[in-house]
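Please read these notes with the model open beside you. They are numbered so that you can take them one at a time.

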Amino acid sequence: MTLATPIQASLQSLMTEVALQTYPASTLYVVATPIGNIGDISVRALNVLAIVDAVACEDTRNTAHLLTRYGLSKNLIAAHQHNEREVAEKLILRLRAGERIALVSDAGTPGISDPGARIVDAVRSAGLRVTPLPGASAAISALSASGLLHDQFHFVGFLPAKSKQRETVLLNLRGLAATIVFYEAPHRIVETVAALADAFEPTRTVVFARELSKLFEEIHRCTLAEASAWLAADPHRQKGEFVILLEGAPAIGDADAAQAERILTILLGACSVKQAATLAAQITGQKKNALYERALQLQQHSED
Ligand code: SAM
């Protein structure tokens, strides 16, 4: 592609500029790696991976493969869920000796539903510097493309596999107004969506963000009532990696308004606008004039 030439030239000068920046020694660099697309890594992250003395990683084979794609070969230290504490001690000794070490996970940002937090805690507690190299995270990517009005969000990550524990977690989230973010694997997606449908109002919006940044990326929005049927309609929809976003609890005002509207609609099927507004005001305790105006609109709408 002809466009590549000017981009290549500026990338090269950008890499030179970034390479001249300061990268303190005795520092643990927490490096975000792509969640699918090999291109989703920053110039600065690449530079850090190039200059560090070692890379602590969740799975040495995965990271070796990733580094090879970037033309790098590094001393790798396995740092997974089961050995984080021991590895942290070794990393601290190496950092104290003046080394620079990168911490990566298999995909996305370390410590976000991934190993890394314990190492970071230990290194910081030892008085050593930890610096993040910002980049991909599935949760943030999904939120950014969801179209949900998410001034606030609550990150849950993976729900417990056991149904009783999962139910308890979900029940505790019922009143939360913020968008709720779940991670899920393909073998549990159907079960998890069924559990969400049991725990939350069917009218809530749910967003499936599947295979982000990959060939079969798909972002689908529907109501929770429609979610299981959407998944079942095509077996491909149950494949790959998922972020599930669930709209938060409706504000009390919204819930009341929705309820009043439902009552008005039912009454309009049997009474005049005036009678419907009077009865709806008695049932809901809301203002009769406002209900009368809304009833007129609903009737007009049904006649259009
Ligand atoms: N540390 C990662 C991050 O920053 O997003 C998350 C790692 S966690 C072990 C893996 C889960 O993240 C997957 O099961 C899925 O829920 C989500 N995930 C990772 N990559 C994804 C992608 N490309 N599309 C959708 N979800 C993804």
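1. The largest nonpolar core of this predicted model has 21 residues. Those that touch the most other members are Leu170, Phe182, Phe200, Val206, Phe208 and Ile244. Two or more residues come from each of these elements: the helices α7 (163-173), α8 (189-199) and α9 (224-233), and the strands β7 (179-184), β8 (205-210) and β10 (242-246). With five residues, α8 is the element that gives the most to this core. As background, nonpolar side chains in soluble globular proteins tend to be buried together.

2. Take leucine 170 as an example from that core. Which residues does leucine 170 contact once neighbours within four places in sequence are left aside? They are Leu159, Phe182, Ala195, Leu196, Ala199 and Phe200. Two of these partners, Phe182 and Phe200, are also listed among the core members that touch the most others. Apart from this core lies another one, of 18 residues, and Ile41, Leu46, Leu49 and Val52 are among them.

3. Arginine 188 sits in the loop between β7 and α8. Is arginine 188 buried or exposed? Its relative accessibility is 16%, so arginine 188 counts as buried, because the cut-off for buried is under 20%. Not counting residues up to four places away in sequence, arginine 188 touches Leu159, Pro160 and Ala161. Leu159 is thus a contact of arginine 188 and also of leucine 170.

4. Valine 207 is part of strand β8. This residue has 0% relative accessibility and therefore counts as buried. Beyond residues up to four places away in sequence, valine 207 touches Ser146, Leu148, Ile219, His220, Arg221, Val243, Ile244 and Leu245. For a sense of distance, compare valine 207 with isoleucine 266: they are 59 residues apart in sequence, and their C-alpha atoms are 30 Å apart in space.

5. Now the ligand. It is surrounded by 19 residues, and the closest are Ile112, Ser137, Ala138, Tyr183 and Phe242. Three glutamates have N or O atoms that pair with ligand atoms. For glutamate 184, a backbone N or O atom is 3.0 Å from a ligand oxygen. For glutamate 211, a backbone N or O atom is 3.5 Å from a ligand nitrogen. For glutamate 241, the atom belongs to the side chain, and an N or O atom there is 3.4 Å from a nitrogen of the ligand. On its own the ligand has 570 Å² of accessible area, of which the protein covers 92%.

6. Glutamate 211 deserves a second look. It is found in the loop between β8 and β9 (218-223). Glutamate 211 counts as buried because its relative accessibility is 14%. A polar atom of its side chain lies 2.9 Å from the backbone nitrogen of glutamate 241. Leaving out residues up to four places away in sequence, glutamate 211 touches Phe216, Glu217, Lys239, Gly240 and Glu241. Glutamate 211 and glutamate 241 are therefore linked to each other by that 2.9 Å pair, and each also has an atom paired with a ligand nitrogen.

7. Last, the division of the chain. There are domain 1 (22-136), domain 2 (139-246) and domain 3 (254-303). How far apart do the C-alpha centres of domain 1 and domain 2 lie? The distance is 29 Å. Six residues from domain 1 and nine residues from domain 2 take part in the contact.

How values were computed. Residues are numbered from 1 along each chain as its sequence is written. This is a predicted model: local features need pLDDT of at least 70, side-chain atom pairs count only at pLDDT 80 or more; totals for chains, interfaces and linings use all residues. Side-chain values use heavy atoms; hydrogens and water are left out. A nonpolar core is a set of buried Ala, Val, Leu, Ile, Met, Phe, Trp, Tyr and Cys residues joined through side-chain atoms within 4.5 Å. Buried means under 20% relative accessible area, exposed over 50%, partly exposed in between (1.4 Å probe, protein chains only). Helices (H or I, at least four residues) and strands (E, at least two) are DSSP runs, numbered from the N terminus. Contact means heavy atoms within 4.5 Å. A residue is near a molecule or strand if one of its heavy atoms lies within 4 Å of it. A polar contact is a pair of N or O atoms within 3.5 Å; within protein, one must be able to donate a hydrogen and the other to accept it, and residues adjacent in sequence count only if both atoms are side-chain atoms. Accessible areas come from the Shrake-Rupley method with a 1.4 Å probe; for residues, only the protein chains shown count as cover. Domain bounds come from an automatic or database domain assignment.
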